[in-house]
Structures are given as C-alpha cells and as structure tokens.
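The report below concerns salt bridges, helix packing and the overall make-up of one chain. Please read it alongside the sequence and the structure shown here.

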Amino acid sequence: MTALSSSSFFGYAASTHQLHHLLKISKSRLPNAGAQAPAFEDERAQQLSSSSWLMGLPSISLSHLGSLDKGSRYEQEVSLNLPLKSPGAYESDSQIRQLSQAIGNQQQALQNLYLSGLIRQSIWDYRIATVKLQQLERKRKLLDKLHQQQKSLTDVGELPLANLLLLEREQVDIELQQIQMKQQQAEAASLFYRLTGQQQPPLAVDDELDTEVTPLSQFDNQLAKHPLWQLQRLQQQQARLLIERQQAGTQDPWTLSLTAKRTADEQLDDNQLGLGITVPLGLSSALSQSDLANWQQTNQEQLLQSDRTYLQLKTQAEKLAKQQETLSEEQRLLKRGLSLSRTITEELAKVKEQNQVSYEIWLRRYMDALDTESRLVLNRVSQQQLHSQQLQALGISL
C-alpha cells in the first residue's frame, strides 16, 4: 500500500515575503486606496492644519468714544489681539501629536491584521478543500473497482442486489461530498481573488509551518503587543491628556494685544501705541463638573472595554492552543491506527487471490486504511491551520 505524499497535495509554497506582498496588494485594492482617493485625502489633510503658535484666529477691536458734552473731545482705539499658545500648550501639543501618530500606526496595524485574517482564511479554506477533494477522488476510484467486482457477481447471482445498491449509495455520498468541497474551494478562491486579484491561492504557507507556537505562559506578553489592545490603550492616554490639559487651563491662550489709540479735543491731539498681554491664572482647576463627569464616564467605559478585549483575545488564544494539543494527541492515535490498518491490509493481501470474497474484504480494508491515512493528512493540515489562527489571535500579521 502506497503512503500518501504530503508534497502531492500542497502545491507551491508561499514564502513570508510572498505573503507580505499579498498583504500589500490587498491594501492597494481597498476603495480608499484607489487612484483618486489619495489625492483627495491629501488635499483635505493640507487644508486641515493647525497653527504652531496660535490657539485661535487673530482678532481686531475697533472703538470710538465721543464726548456727550458740548465739546468735541473723542477717543479712537484699534487693537490687534493674538491668542498665543502657552508654554504648557506647546508641550501638550507635542504629546498629542506623538499620540495621534501612534494611534494612526496602530489603526494601520489593525487593518493589516484584519486583511491578514481574510487572506489566511481564504488560503486555508482552499487548501483543506483541495486535500479533501483529492482524498475523495482516491476513494471514489477504489469504490469503482469494488463496484465492478460486485456487479459481476450480482449478474451471475452470487451476491444479492442489495449489496450492489448499498455500494452505489456510498458512491452517491462521495459525489455529494465532492460537490460541497468544490463549492468551498470556489468560495475560498473567490475571496482570495477579491483580496489580491490572483486566481488561485497558494496551497502551502511557509511562515505558519515554521513559526513556533507561543506557549500559554507567554500569551500575556504577546497580547500586550496586539494592535487592538495597543489602540485602546493609546486612546485612553489621549483622552487623559486632553482632560489634564483642560484642567490645567493650557487650552486658554495668552492674548497679546497691539493697541493704537488717539485722543483729541479742541486743544489736544494725542497718539499712543501700546502692548499688552493677558495671562490666565492657574490657581484652580479649569474643569467644570459637567466636563469632569463626562470624562469619568468615558474613561470607565474605555477601561471596561479594554478588559473585555483582553479577556476575549486571551480566551481565543488559549482555546486554539488547547485545540492544538487535542489535534496532536489525535495525530498520535491516527498514526497508530494507520500502522494497524496497513498490517491488516498486508495480511489480507496474502489470501485475496484465493476467492472473490477475500478480494472484496481486502479492498474494503484498503479503503479503511485510506480513510485513516486521509484523516492523518487532514489532521496535519488542521494543525497548521490552527497555528495560523493562533498567530492571528495574537495579533501577528502576514
């Protein structure tokens, strides 16, 4: 009995570089990454800019004061007011800018992880469907041989018709399974095409085959790097920085006023130029109770969401790790079962030529061994798929 060869099922292997290239292609095919979208977004980004030294728009004040007496005394004043950033505002702006950039990086990493999950899903669904189809085809060919043998015996009356009908029913079941697997294969190929524009997914993924699985004891360290977890933590930091900035009053500008004043009457015509500055006094919190209550509620919601996210990610990673252990144990038992099936087949082969019934029994045992061998191959593929799902759950992109 010939053992199955893994290489006959896996086709060409996608290297880590090729997988990363597929991710880049998938990102470039997104609607917001089209030919016109970047130019439009860049134009809007240039329009949405902030001043490096002003907290708001400059303003001009004009005033004219005339005398209510019979005299002709009057005053005219023009002021240019510049709302300047305080030293504290400069520092907090720098921190906000860094946090905004870090948040943008994590959002991009989260998008990469999402696309990586779709690409991995399409590759593994296609690969598993392909392996199952090839296993079903081998079994179908063996059933065809057995059908020919039983039909010849049924025709001469040595076997009842029911035996042949049961065998034909088994052939129908295989054909139904083949239809389902072809549908799964087509759906996986369609998803892969929508993502990458390429017709056929690779049938092997080198990085999933070679990368070591993260032990349970190291899940906390790996999950701390997860893009979703990092994004939520950065958003919490940004919200806290904004509320601290508001509390310290750094959002209130230092107002620099350049004033020109003219005072005139029948005997006097006086022109004056002046410079003034208004500095807010940070003697207490500038927060209102309403602002503080809103922030406390938002902060509590963010903390709860962060805890839920962590528990979900860790639970998923641990579940996949346990499934990996179960598949490893099944692999050990399947190897033992395959060894026994091969031994039985070899013993039956010694007597299969004696009569037709012995040949049919041998062929049935051969198919049982083939089923076990198929389960062994699929179990190995399932382990590799679980490995890929573990990488996804831990936040590791292609």
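A network of salt bridges links Lys85, Asp93 and Arg245, a salt bridge being a side-chain nitrogen of Lys or Arg within 4 Å of a carboxyl oxygen of Asp or Glu. The model is a predicted one, in which local features need pLDDT of at least 70 and side-chain atom pairs count only at pLDDT 80 or more, while totals for chains, interfaces and linings use all residues. Residues are numbered from 1 along each chain as its sequence is written, and side-chain values use heavy atoms, with hydrogens and water left out.

By the rule just given, the count comes to 13 salt bridges. In general terms, side chains of opposite charge can pair when their charged atoms come close. Three of the pairs are set out here.

| Salt bridge | N to O distance | Relative accessible area |
|---|---|---|
| Asp265 and Arg73 | 3.2 Å | Asp265 27%, Arg73 40% |
| Glu75 and Lys261 | 3.8 Å | Glu75 24%, Lys261 26% |
| Arg332 and Glu329 | 2.5 Å | Arg332 47%, Glu329 38% |

Asp265 lies in the loop between β5 (254–264) and β6 (269–278), and Arg73 in the loop between β2 (59–66) and β3 (74–84), so their salt bridge ties together parts that are 192 residues apart in sequence. Helices (H or I, at least four residues) and strands (E, at least two) are DSSP runs, numbered from the N terminus. Asp265 is partly exposed, and Arg73 is likewise partly exposed, where buried means under 20% relative accessible area, exposed over 50%, and partly exposed in between (1.4 Å probe, protein chains only).

The salt bridge of Glu75 with Lys261 joins strand β3 to strand β5, so that parts 186 residues apart in sequence are tied together. Glu75 counts as partly exposed, as does Lys261. Arg332 and Glu329, by contrast, both lie in helix α9, three residues apart, which is about one turn of the helix; Arg332 is partly exposed, and Glu329 is partly exposed too.

How do α8 and α9 cross? The axes of helix α8 (residues 227–248) and helix α9 (residues 289–349) come within 10 Å and cross at roughly 165 degrees, with axes taken as lines fitted to C-alpha atoms, for helices over the stretch in contact, and angles running from 0 to 180 degrees between N-to-C directions. That angle makes α8 roughly antiparallel to α9, a term for angles over 145 degrees. The contact (heavy atoms within 4.5 Å) involves residues of α8 including Trp229, Arg233, Ala239 and Ile243, and residues of α9 including Asp291, Trp295, Leu303 and Tyr310. The residues of this contact divide into seven nonpolar, nine polar and three charged, where Ala, Val, Leu, Ile, Met, Phe, Trp, Tyr, Cys and Pro count as nonpolar, Asp, Glu, Lys and Arg as charged, and the others, Gly among them, as polar.

Gln107, found in helix α4 (residues 87–155), is partly exposed with a relative accessible area of 43%. Gln107 and Pro227 are 120 residues apart in sequence, yet their C-alpha atoms are 7.4 Å apart in space.

Turning to the whole chain, there are ten helices and six strands, and buried residues make up 35% of the 398 residues. Among contacts between residues at least 6 apart in sequence, 81% join residues at least 24 apart.

Key:
Parallel < 35°, antiparallel > 145°, perpendicular 65-115°, else oblique.
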